[in-house]
Amino acid sequence: MADLIFGCTGVSADRYAATPTLTFQLAVTERSGVRVHAIALRCQIRIEPHRRRYTASEAERLHDLFGDTSRWADTVKPIQLATVTAMVPTFTAVTEVELPVPCTYDLEVASARYLQGLDDGTIPLLLLFSGTVFVATEQGFSVELVPWSAEASYRMPVAVWRELVDAHFPGSAWLRCSRETLDALSAYKARHALPTWDATLAALLAEAAPGDPAPAPDQEGETGVAQR
């Protein structure tokens, strides 16, 4: 019977993927000496926000996610980042495998809202493994399950997430709205001859709070407004 240990040794932003993708480096160790023919691996990745400290500015940005800091002991819970699968090829003793993890930058998704709210430091992750193990024997192959206790902790640098976002959405962020809201924004944009969506949102903010300076539109990129 295979005796497996899983670990995460690193993560990088895949700059050439069609969609934002993090690539985790996994180390898989087999301690009983059997030859593993393959593993059909499933990995659930969770963010564990209670395992790090936050600055005052980070806490303010995370208010809509967790509420007031006085309630964080009750409201800060694990956040699902992704569930992905991978095939681990044949090996004996130890092997390394890459685990691609597609990510979203939709700020209505809790994981993206959380990651966007961080300035620096690390992001505590918990990787939970399951799947099917095919072990080579003298009689052929035996089929086993990855035990539910198989897991690994990893602290991903916030800089890796920033690199991923900047590679796909440089100087931009994405907001989702209904078709009705988009139509209303389009009409406002046309009436006032505004050149970009960023300028449209800045003008609306200036009208809503005339005493506050309106944010300057980004010259390199603008906030995208995607219809739902």
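The following dialogue examines how the features of this predicted model are named and what supports each name.

Mentor: In this predicted model, local features need pLDDT of at least 70 and side-chain atom pairs count only at pLDDT 80 or more, whereas totals for chains, interfaces and linings use all residues. Residues are numbered from 1 along each chain as its sequence is written, and side-chain values use heavy atoms, with hydrogens and water left out.

Trainee: What makes β1 and β2 a pair, and in which sense do they run?

Mentor: Strands are DSSP runs of E of at least two residues, and helices are runs of H or I of at least four, numbered from the N terminus. Two strands pair if DSSP finds at least two bridges between them. β1 and β2 (residues 21-30) have 9 bridges in the antiparallel sense, so they pair by that rule. As one of the bridges, G7 has A27 of β2 as its partner.

Trainee: How many bridges join β2 to β6, and which residue stands opposite Q25?

Mentor: There are 9 bridges between β2 and β6, and these strands run antiparallel. Q25 stands opposite E98 in β6.

Trainee: In what order do the strands of this open sheet stand, and why do β1 and β6 count as its edges?

Mentor: The order is β1-β2-β6, three strands with antiparallel pairing. β1 (4-13) and β6 (94-102) each have a single partner strand, so one side of each lacks a neighbour in the sheet. Neighbouring strands here are turned by 25 degrees against each other on average, with direction ignored. Such angles run from 0 to 180 degrees between N-to-C directions, with axes fitted to C-alpha atoms, for helices over the stretch in contact.

Trainee: Which helix lies across β1 and β2, and at what angle to β1?

Mentor: Helix α5 (residues 158-168) lies across both strands and runs at about 50 degrees to β1. Contact means heavy atoms within 4.5 Å.

Trainee: Which side chains of β6 are buried, and which are not?

Mentor: Buried means under 20% relative accessible area, exposed means over 50%, and partly exposed lies in between, using a 1.4 Å probe and protein chains only. In β6, T95, V97, L99 and V101 point to one face and are buried, while V94, E96, E98, P100 and P102 point to the other and are not.

Trainee: What is the pattern along β9, and how many bridges join β7 to β9?

Mentor: The side chains of β9 (residues 151-157) alternate: A152, Y154 and M156 are buried on one face, while E151, S153, R155 and P157 point to the other and are not buried. β7 (residues 122-137) is joined to β9 by 7 bridges, and the two run antiparallel. L127 has A152 in β9 as its bridge partner.

Trainee: Why are F66 and Y114 called an edge-to-face pair?

Mentor: Rings of Phe, Tyr and Trp (its six-membered ring) pair if their centres lie within 6.5 Å; planes under 30 degrees apart are stacked, over 60 edge-to-face, and the rest tilted. By this rule the count comes to 7 aromatic pairs. F66 and Y114 lie 6.2 Å centre to centre with 65 degrees between the planes, so both criteria are met. F66 lies in α2 (residues 63-66) and Y114 in α4 (residues 110-116), so the pair ties together parts 48 residues apart in sequence.

Trainee: How do you know whether F66 and Y114 are buried or exposed?

Mentor: F66 has 4% relative accessibility and therefore counts as buried. Y114 has 0% and therefore counts as buried.

Trainee: What makes Y105 and W161 an aromatic pair, and where do they lie?

Mentor: Their centres are 6.4 Å apart and their planes 65 degrees, which is edge-to-face. Y105 is in the loop between β6 and α4 and W161 in α5, 56 residues apart. Y105 is buried at 7% relative accessible area, and W161 is buried at 2%.

Trainee: Why is K189 said to sit over the ring of W197?

Mentor: A charge sits over a ring if NZ of Lys or CZ of Arg is within 6 Å of the ring centre and within 35 degrees of the ring normal. The charged end of K189 sits over the W197 ring, 5.4 Å from its centre.

Trainee: Is A193 buried or exposed, and what is its phi?

Mentor: A193 has a positive phi of about 55 degrees although it is not a glycine. At a relative accessible area of 64%, A193 is exposed.
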